Number of protein chains: 4
Amino acid sequence: MPESVGARQAQAQRTRGAVLAAAAAAFVDQGVQAPIRDIAERAGVGVGTIYRHFPTRADLVTAVYRHQIDTCAALAPRLLAESADPFTALAGWADAFVDFLVTKHGLGAALGSDDPGLANLHALMLDTLVPACATLLDACAADGDLAPGIAAYPLLRAIGNLCITGPDYDRADARRMVAVLLAGCRRTA
Amino acid sequence: MPESVGARQAQAQRTRGAVLAAAAAAFVDQGVQAPIRDIAERAGVGVGTIYRHFPTRADLVTAVYRHQIDTCAALAPRLLAESADPFTALAGWADAFVDFLVTKHGLGAALGSDDPGLANLHALMLDTLVPACATLLDACAADGDLAPGIAAYPLLRAIGNLCITGPDYDRADARRMVAVLLAGCRRTA
Amino acid sequence: MPESVGARQAQAQRTRGAVLAAAAAAFVDQGVQAPIRDIAERAGVGVGTIYRHFPTRADLVTAVYRHQIDTCAALAPRLLAESADPFTALAGWADAFVDFLVTKHGLGAALGSDDPGLANLHALMLDTLVPACATLLDACAADGDLAPGIAAYPLLRAIGNLCITGPDYDRADARRMVAVLLAGCRRTA
Amino acid sequence: MPESVGARQAQAQRTRGAVLAAAAAAFVDQGVQAPIRDIAERAGVGVGTIYRHFPTRADLVTAVYRHQIDTCAALAPRLLAESADPFTALAGWADAFVDFLVTKHGLGAALGSDDPGLANLHALMLDTLVPACATLLDACAADGDLAPGIAAYPLLRAIGNLCITGPDYDRADARRMVAVLLAGCRRTA
DNA sequence: GATGAATGAGAATTCATTCAT
DNA sequence: CATGAATGAATTCTCATTCAT
């Protein structure tokens with residue numbers, strides 16, 4: 001009965017999606033350490049279901065952010081093609097990254113954490129965002145527009161850290177300070 | 001018996017000092033979330049003693065860092081007096097702040113956290129570090145050396161965030177990115 | 001469509017066989033408490049299938065060992081016919097029983113357990129092994145070769161218990177101690 | 001205030017004793033795998049108290065049986081001195097051991113288990129019961145009363161296994177089968 | 001008949017916090 | 001004032017069992 005199997009798999013995918021949405025919401029409210037039980041309740045599923053789909057917390061965290069990380073990475077070449085100059089592209093990309101990070105409250109902290117269980121997430125960032133950012137930096141450098149000693153990975157980590165917001169330091173502050181950081185990356189003429 | 005009262009108070013002060021030292025060491029090793037029991041063991045006291053001196057964890061965290069925060073704040077006017085120009089003083093002060101933050105593993109995260117229990121620490125920062133930093137910024141601005149829109153509080157938060165280190169982003173990276181941030185604060189000629 | 005019914009039944013039998021084989025293997029590796037899911041995976045079937053064929057774990061345990069218990073029971077009359085004297089037959093049969101038990105890691109413990117769910121297994125033993133053993137004991141008694149007060153059931157339970165092995169007490173030890181037990185069963189001249 | 005400290009320690013000892021008694025009772029009813037929570041409830045304490053006194057289950061199991069194991073071991077030299085011949089002493093000691101084991105339902109199984117967490121218990125047995133039993137066996141051997149190839153450790157394991165009782169195999173059966181085993185240990189004249 | 005996704009009860013373990021001494 | 005035993009809520013994780021397809 002292929003229809004039944006397909007229906008069941010479709011249902012499982014829907015459940016998986018509900019879990020991811022619930023986890024994303026929980027991460028915004030409580031950070032990536034949100035109790036599994038809370039996520040299960042938000043998703044309207046049992047805890048066992050979470051464990052079935054995502055055996056470890058790191059699996060869940062990674063899955064939650066993977067799509068958006070990929071989207072963010074894909075933005076880089078597009079901006080590079082569309083922008084007047086590479087540095088403008090870099091600035092635009094950083095803005096998008098900041099929006100991503102401050103919306104997903106807690107991801108900045110997750111990226112900054114040295115929790116070994118989050119190694120997946122680091123790897124994901126290394127594999128997708130670092131190359132994307134490096135492309136932009138290389139273009140800026142080729143343009144003679146980049147101060148020396150700016151590497152993609154620390155820059156991303158720095159932007160990530162700058163996006164750890166709180167009651168007295170909000171998205172606008174994060175954007176401003178990232179802009180300042182990027183200004184510091186620009187070669188002084 | 002005034003002497004016994006004095007002796008008792010002196011003993012209490014010594015106990016308090018031992019707890020602060022133990023907590024500082026525990027925070028370096030385990031972050032500001034170190035279990036109270038571990039701190040008590042390091043200090044050679046019972047957990048009840050810690051609760052007597054510091055009813056909440058935030059009280060303890062604040063007390064641990066207060067002295068060093070004060071020292072850091074006091075550095076600002078000295079550097080301003082000694083340095084060739086205000087921006088050099090600002091850079092030197094930032095360096096000292098970075099050293100302070102990365103040595104006290106976890107303080108950066110504590111400053112960046114919006115845990116309501118850490119409001120004391122934020123207040124402390126507001127009361128001492130922000131004015132100190134503002135003095136430096138004002139001097140830079142008076143010198144025409146500061147880009148517009150740089151406020152003391154967000155700058156401190158930004159530096160604090162940049163000092164959240166990890167296995168792939170260490171003290172040297174933090175120093176570098178703070179230097180880049182400061183470069184971005186400088187008015188372009 | 002009688003053929004399809006037959007085919008379905010044949011398929012069901014094959015499934016049942018696969019489950020039994022998988023369960024036997026799992027019991028060797030993990031004991032009779034092996035997770036149902038593990039058994040299902042080994043068998044390449046869903047857990048529901050196991051529950052359909054064997055509603056309780058005891059049903060599965062019993063089914064797994066039934067054939068081998070029957071084989072063991074059938075050995076008794078054969079040995080009695082072939083051996084020089086009844087006591088030799090008894091010793092040979094005990095050896096075979098020991099081999100059976102220690103190979104089926106966990107069965108000894110299952111026989112010794114008073115888990116009410118394993119009542120089936122006890123009943124099975126009572127129905128097949130006890131008569132087989134009793135035949136041998138009767139023959140020994142008729143030969144004047146058996147100490148008084150040796151009953152089949154406790155003897156089997158004793159042998160079963162002696163076959164509960166571990167890291168410091170292995171199959172060889174079990175064989176030795178069963179031999180000692182049988183020596184104690186022999187009438188002293 | 002030495003009195004206060006002494007009182008608190010005395011209270012802690014009483015708690016510890018209550019936990020041991022509750023654990024012993026729980027082990028009789030449910031085996032050594034009894035849930036910690038059940039033991040805590042029987043003892044009228046919180047689960048944390050159990051963990052404070054006995055960090056691992058093995059610690060608890062060991063503590064529960066240590067005293068009785070010591071008592072049992074101490075019985076050996078006494079019986080040897082009082083009995084007419086060494087083999088009588090051995091038989092008497094085995095009787096006492098059987099009483100101990102069947103009363104402490106579950107210890108036989110614990111001794112037979114290869115759970116690595118119960119290594120302590122095995123070590124305890126090795127350190128105290130094996131030497132005690134070996135003394136008796138040596139005396140029997142010196143008397144020319146012992147069949148060859150009987151070692152203390154496997155013999156103890158065997159007796160332990162024979163004492164795993166159940167609904168159809170009770171203390172009387174265990175005693176009988178141990179007696180048969182010992183008869184098998186005696187040198188045939 | 002077969003499947004396996006979903007459920008949720010149950011067990012272990014940790015630690016902040018209280019309070020009698 | 002200091003102590004640390006006791007408490008129990010909170011959290012993670014596992015697995016037997018059910019049931020819609």
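## How the copies are compared

To compare two copies of a chain, they are superposed by least squares on the C-alpha atoms of residues with pLDDT of at least 70 in both. Keep in mind as you read that this is a predicted model.

With that in hand, look at chains A and B. A turn of 177 degrees, with a shift of 0.0 Å along the axis, lays chain B on chain A with an RMSD of 0.5 Å. That is the relation of a two-fold axis. The contact surfaces fit into this picture too: 100% of the interface residues of chain B are also interface residues in chain A, so the copies meet through the same surface.

## Salt bridges in chain B

Now let's turn to charged side chains. How many salt bridges does the structure hold over all chains? There are 28 of them.

One of these is in chain B, where B:Asp99 pairs with B:Arg171, with 3.4 Å between the closest N and O atoms. This pair links distant parts of the chain: B:Asp99 sits in helix α5 (residues 86-103) and B:Arg171 in helix α9 (residues 171-185), 72 residues apart. Are these two residues buried, exposed or partly exposed? B:Asp99 has a relative accessibility of 26% and counts as partly exposed. B:Arg171, at 38%, counts as partly exposed as well.

## Salt bridges in chains C and D

In chain C, a salt bridge joins the side chains of C:Asp99 and C:Arg171, at 3.4 Å from N to O. Because C:Asp99 lies in helix α5 (residues 86-103) of chain C and C:Arg171 in helix α9 (residues 171-185) of chain C, the pair ties together parts that are 72 residues apart in sequence. C:Asp99 is partly exposed, with a relative accessible area of 27%, and C:Arg171 is partly exposed at 38%.

Which residue forms a salt bridge with D:Asp99? Here it is D:Arg175, and the closest N and O atoms are 2.7 Å apart. D:Arg175 lies in helix α9 (residues 171-185) of chain D and D:Asp99 in helix α5 (residues 86-103) of chain D, so this bridge ties together parts that are 76 residues apart in sequence. D:Arg175 has a relative accessible area of 30%, which makes this residue partly exposed. D:Asp99 is partly exposed too, at 27%.

## A network in chain A

Finally, find the matching residue numbers in chain A. Which residues are linked in a network of salt bridges there? They are A:Asp95, A:Asp99, A:Arg171 and A:Arg175.

Conventions:
Residues are numbered from 1 along each chain as its sequence is written. Chains are lettered from A and ligands numbered from 1 in the order in which they are written. This is a predicted model: local features need pLDDT of at least 70, side-chain atom pairs count only at pLDDT 80 or more; totals for chains, interfaces and linings use all residues. Side-chain values use heavy atoms; hydrogens and water are left out. Contact means heavy atoms within 4.5 Å. A salt bridge is a side-chain nitrogen of Lys or Arg within 4 Å of a carboxyl oxygen of Asp or Glu. Helices (H or I, at least four residues) and strands (E, at least two) are DSSP runs, numbered from the N terminus. Buried means under 20% relative accessible area, exposed over 50%, partly exposed in between (1.4 Å probe, protein chains only).
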